[in-house]
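Please find below a colleague's note on the structure, set out as numbered points. It begins with single positions and then turns to the packing of helices.

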Amino acid sequence: TAFGLSCGLFVIFKMNMIGIGEVNAQVLTAVTGILLLAAFADLLDGAIARAIKAESDFGGIFDSLADAISFGVAPSVIILKSLSVIPGTQLSFLVTTAAIIFSLCGVLRLVRFNVNALAAKGDENLAKAQKKHFTGLPIPAAAASAVSLNLFLFSEDFQSMAHLSPIAEAWVLSLALILLGYCMISRWKFPSVKTLEIRVASFRTVFLTVLAAVLIFYGILHYFALVFMALSWSYVIIAWTLAVIRLLAGRKSK
């Protein structure tokens, strides 16, 4: 947990030492990789705590505070420093407001998660239900979506296909931050990857799975910005689709 928090703090301090207009795709790739290390540490600390039976209230609170900084504040800082917006303008006010909304909603999401986890301690059914899905977009997924979109807009892959003006980039990223902030505090159900179960029916399924994994790894190595954005936003879009299906089919539908 401390390692993940250190990664988030390093990203914040590193971005603040970069001047306005000096952020490039190489810097964004580096800080994105560091935040991915923070996400891996966030996934690993809970698994280790459960494996050695060392879960505690101290660890839970520490983990939430670390997530608030690494995934709530750091993405906002990255986007604010990436956009060459003149201070004091209406556009700078829009971007700053969107960043505040994202960070604030991330903290509210963590507070609600802790309250629900505390309520589920004495209720096995409630605890089992919470493990199947998340209420609201998890803050690491929101951070990944925000950072990946920002990285893609500044990547060479996107610059070779299209070119957005600084004003258009500011609007796109601001709307994305506000949308992701709303998803974090919403009551929408987001599937938990930890409880994902896949039944292997045949050798063909295994072969296709391995082939897909190879293609993803190849894409990460050669088209990191594009693949990372596609994976991050796919999770959000799939959850939105499932939410719409639940509304159309009824709350009791499987």
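1. Does Ala-74 count as buried or exposed? In this predicted model, Ala-74 has a relative accessibility of 0% and therefore counts as buried, the cut-off being under 20%. The residue belongs to helix α3, which covers residues 57-82.

2. The surroundings of Ala-74 can be listed. Apart from neighbours within four places in sequence, Ala-74 is in contact with Gly-8, Val-11, Ile-12, Leu-35 and Ile-69. A further relation links Ala-74 to Ala-143: the two residues are 69 residues apart in sequence, and their C-alpha atoms are 8.4 Å apart in space.

3. Some totals for the chain give the setting. The chain has 10 helices and 2 strands, and along the sequence these elements follow the pattern α-α-α-α-α-β-α-α-α-β-α-α. Of its 254 residues, 37% count as buried. The chain exposes about 15,400 Å², of which carbon and sulfur atoms supply 70%. Where contacts join residues at least 6 apart in sequence, 82% of them are between residues at least 24 apart.

4. Val-23 sits in the loop between α1 (2-16) and α2. Its relative accessibility is 11%, so Val-23 counts as buried. Setting aside residues up to four places away in sequence, Val-23 touches Met-15, Ile-18, Leu-28, Lys-81 and Ser-82. The C-alpha atoms of Val-23 and Phe-154 are separated by 9.2 Å, although these residues are 131 residues apart along the chain.

5. Thr-32 is placed in helix α2, residues 25-51. Why does Thr-32 count as buried? The reason is its relative accessibility of 3%, since buried means under 20%. Not counting residues up to four places away in sequence, Thr-32 touches Val-147, Leu-151, Phe-224 and Phe-228.

6. Two of those partners of Thr-32, Val-147 and Leu-151, recur in the packing of α2 with α6. General practice is to describe two packed helices by the angle between their axes and the distance between the axes. For α2 and helix α6 (residues 139-154), the angle is about 165 degrees and the axes are 10 Å apart. The two helices are therefore roughly antiparallel to each other, because angles over 145 degrees count as such. The crossing in which α2 passes α6 is left-handed.

7. Which residues form the contact of α2 with α6? From α2 come Ala-25, Leu-28, Thr-29, Thr-32, Leu-35 and Asp-42, and these meet Pro-140, Val-147, Asn-150, Leu-151 and Phe-154 of α6. By class, the residues of this contact divide into 7 nonpolar, 3 polar and 1 charged. Leu-35, listed here in α2, is also one of the residues in contact with Ala-74. Leu-28, likewise listed in α2, is one of the residues that Val-23 touches.

8. A second helix pair is formed by α4 (residues 90-119) and α8 (residues 166-185). Their axes come within 8 Å and cross at roughly 20 degrees. These helices are therefore roughly parallel to each other, because angles under 35 degrees count as such. Here too the crossing is left-handed, with α4 passing α8.

9. The residues at the contact of α4 with α8 are as follows. On α4 they are Leu-91, Leu-94, Val-95, Ala-98, Ala-99, Ile-101, Phe-102, Cys-105, Gly-106, Leu-108, Arg-109 and Arg-112; on α8 they are Ile-167, Ala-170, Trp-171, Ser-174, Leu-177, Ile-178, Leu-180, Gly-181, Met-184 and Ile-185. Sorted by class, they comprise 17 nonpolar, 3 polar and 2 charged residues.

10. Leu-179 also has its place in helix α8. At 34% relative accessibility, Leu-179 counts as partly exposed. The C-alpha atoms of Leu-179 and Ile-101 are separated by 9.5 Å, with their positions 78 residues apart along the chain. Ile-101 itself is among the α4 residues that meet α8.

Note on methods:
Residues numbered from 1 in each chain as written. Predicted model: local features only at pLDDT ≥ 70, side-chain atom pairs only at ≥ 80, totals over all residues. Heavy atoms only, no water. Axes fitted to C-alpha atoms, helices over the stretch in contact; angles between N-to-C directions. Helix = DSSP H or I, 4+ residues; strand = E, 2+ residues; numbered from the N terminus. Parallel < 35°, antiparallel > 145°, perpendicular 65-115°, else oblique. Left-handed = near helix turned anticlockwise from the far one by under 90°. Contact = heavy atoms within 4.5 Å. Nonpolar A, V, L, I, M, F, W, Y, C, P; charged D, E, K, R; others polar. Buried < 20%, exposed > 50% of the residue type's maximum accessible area, 1.4 Å probe, protein only. Areas by Shrake-Rupley, 256 points an atom, 1.4 Å probe, with all protein chains shown as cover.
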